Amino acid sequence: MAEKKKRLTSVTLIAITTFVVSFILMLLRPIQVVELKYFDQLFEWRGPLDVSDSPIVLVAISQEADQEIPQKFPWPTNLHAKLVENLNKAGAKVIAFDVVFNNPDIYEVKNDSLFAQKMEKYGNVILAGDLQRTITQYSDEISPMFPTPVLRVGNPNQVALVRVHPDLDGAIRSYRFGQKHQGDNLYRLGLESIRLYEGIPYEEVDPIGPNPESDYFNLGPYEILKDGANSFLINYYGPESTFPEISYEEVIDDSSYTTVFESELGGGVNTFDDPDIGHLAQGTFEDKIVIVGATMPLLKDFYTTPFANAGNNPRPGYQVHANAIQTILDSNYIERFRGWYTLVIMFFLCLSITLLNRFANATWAILASVVFAGGYFGITYWAFMSYNLLMMITGPIIAIVVTQVGMVSYEYYVEQKEKRRIKGMFASYVSPELVNRMIESGEEPQLGGEETHMTAFFSDVVAFSTFSEQLEAKELVTLINDYLSTMTDILNSRGGTLDKYIGDAIVAFFGSPVPMEDHAFQACVASQLMQKELAELRKKWQKEGWSEMVANMHQRIGMNTGVMVTGNMGSSRRFNYTMMGDNVNLAARCESGARQYGVYTMVTESTKTEAEEFGDDCLFRLLDNIVVKGRTKPVKVYEIAGLRADADQVLHDCIGLYEEGLQHYFNQEWDTAIDRFKKSVELEQYERNPSGIFIKRCELMKEKSPGNDWNGVFVMESK
């Protein structure tokens, strides 16, 4: 009970810690930028919305217009008067200028008066203004940047604010209602356009200022869902060209106005009042809200927005107003998922992943984390696409990642602590190799003997007694240490367990104390890697100036697979984790018996069969069907001729001819067998080899036939 309580306490503390860390990370600027970019991406995935019924038309103060109008921008304001005149002829209900006329006309003063007269005549023009905040060391002032007095007096409508307010990454995603200045409520261009379009009196428009009692800002019949105290989220309807866009010169180009193009040609089509294709005839502006804004790069009225981010293509500011107006007209608001709901989800995720890590396992926990992350992503996508509900993505995903990473780190700390504890407990009576493997597997071996199905491994240096006689003790130690270190590294790299060294001999086994299914395969591959590495050592020793005897060192390896007894064996005061049993002895006989066939690696049939279940990396050839000394049952033995990847055609031909000869040998067809063996002996790598041995044996069999009841078994008289 105490342990369970301790684990629950640790889970709670870890969950709280990861939640706090996730919350802090969520507030970092780079993470918030990622959150904003995900918001933009949702628009990209959703795609454009239909605006075929929209009352909004855009008139662009474009580069093309500047080329067609004789005067260069800023144009004389009498052109704006003409624009207002023509738009009203075309039936426009509202004309909103996203341009601040804060300077008098540079051509003629009367132009401003003419512009003011047209605004007063039609009463449907909204002029733009701005409030600029100037902060110095001594003051914090807000100064208006409004149209000239002539224009303001002539326009019966209130000035509308046009400044947009970017998020921390510079993109425009929200739209403010307005700003209070000297006691007056100044509304944004979008709100003023709708107010004038719908004929809403100011009495039915909420004043600017915080109103925490309501989630909505009232604009006559429109209830605008707030995102902040003074703003709402713009539901962008699409990229540029979503709303109809007409170049400025096309609106003023009537029969009384000549563009640069027309003057050069001496005539042309009047794009506004042509009876067939003109905007007047087409009804382009009938009952529309017309927003006039700049698209000339020189005027730098461009902003990054959703749909524009992906293509790195900021859009003109008047399109921001257009999307804000359309959002209100359609009541198509984006609602932000409440922040404390997100925090609850984050804590739930932290707690769930912590519990899974502590009471299940890391695999299930990681899988659950992936499912949680994918599921939450899917929910955010579905909520936006189906309900215009914007859910935070970064906070919960960070919570998942931080908790999983935190739990992996914690479990690693606990694991390392447990490893140190186990090493401290067993280091005094269990070999370090065994302790490390026991820790890695998570299984404690049975102290004492237990039956294990595994592969025994024996290796020995050929004619090592000669080395001992001819080398000085210091040289011998250097040589053997070099040899044993290299061979043991290979042994361990393939999962083998070192039992002991007996001088130059290596005793090892595969498949215990840590069980492994492919122990025979790993043992066979390890043996050939050891033979290859010994060849490299011979080259190295030759370069280092060792004697010819050392430069020609070889080793013999024997292996057998079967049931053996493994465990801690020895006296009560000193023991070793080792193996014993009949199958161990058979492996040792294979190592010594390899000499009789002139091969360097000999294994039993059981080892070959099990190894081939897991791969064909090794090239085997049948050596004989023998009864080793000390046993009565015959066993087939094989040579591992090398790794299949290293075998050339000569070796394959040699083995093919040899095995043909062996088949004739077992059938007592001595002459045919000798013929095949004589062909294979020419391809053998070493002077003493199996082909030569069987030639001699066949010749003896010809002289003294074994009889018709011979079963092909050869009895070895020596070890």
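**Entry 1: a three-stranded sheet.** I looked up an open sheet in this predicted model; its three strands run in the order β5-β4-β6, and their pairing is mixed. I noted that β5 (140-145) and β6 (160-161) stand at the edges with a single partner strand each, so one side of each has no neighbour in the sheet. I recalled that strands of a sheet pair through backbone hydrogen bonds, either parallel or antiparallel. I then checked β4 (residues 128-135) against β5 and found antiparallel pairing over six bridges. Which residue of β5 is the bridge partner of I135? I found that this partner is D140.

**Entry 2: a nonpolar patch.** I next turned to the surface, where I16, V20, F23, I24, L27 and F347 make a nonpolar patch of about 490 Å². Helix α1 (residues 2-26) contributes the largest share of this patch, namely four residues. I examined F23, which lies in helix α1. F23 has a relative accessibility of 32%, and therefore I recorded F23 as partly exposed.

**Entry 3: the whole protein.** I counted 24 helices and 27 strands in the secondary structure of the protein. The radius of gyration is 46 Å, well over the 27 Å from the globule rule for 719 residues, so the protein is more spread out than a compact globule. Along the principal axes, the C-alpha atoms fill a box of roughly 135 × 75 × 50 Å. I noted that 49% of the 719 residues count as buried. The accessible surface comes to about 35,200 Å², and carbon and sulfur atoms account for 53% of that surface. Finally, I looked at contacts between residues at least 6 apart in sequence: 71% of them join residues at least 24 apart.

Note on methods:
Residues are numbered from 1 along each chain as its sequence is written. This is a predicted model: local features need pLDDT of at least 70, side-chain atom pairs count only at pLDDT 80 or more; totals for chains, interfaces and linings use all residues. Side-chain values use heavy atoms; hydrogens and water are left out. Patches are made of residues with over 30% relative accessible area and no salt bridge: like charges are joined within 9 Å, nonpolar side chains (Val, Leu, Ile, Met, Phe, Trp, Tyr) within 5 Å. Accessible areas come from the Shrake-Rupley method with a 1.4 Å probe; for residues, only the protein chains shown count as cover. A salt bridge is a side-chain nitrogen of Lys or Arg within 4 Å of a carboxyl oxygen of Asp or Glu. Helices (H or I, at least four residues) and strands (E, at least two) are DSSP runs, numbered from the N terminus. Buried means under 20% relative accessible area, exposed over 50%, partly exposed in between (1.4 Å probe, protein chains only). Two strands pair if DSSP finds at least two bridges between them. The radius of gyration is taken over C-alpha atoms; the globule rule is 2.2 Å times the number of residues to the power 0.38. Contact means heavy atoms within 4.5 Å.
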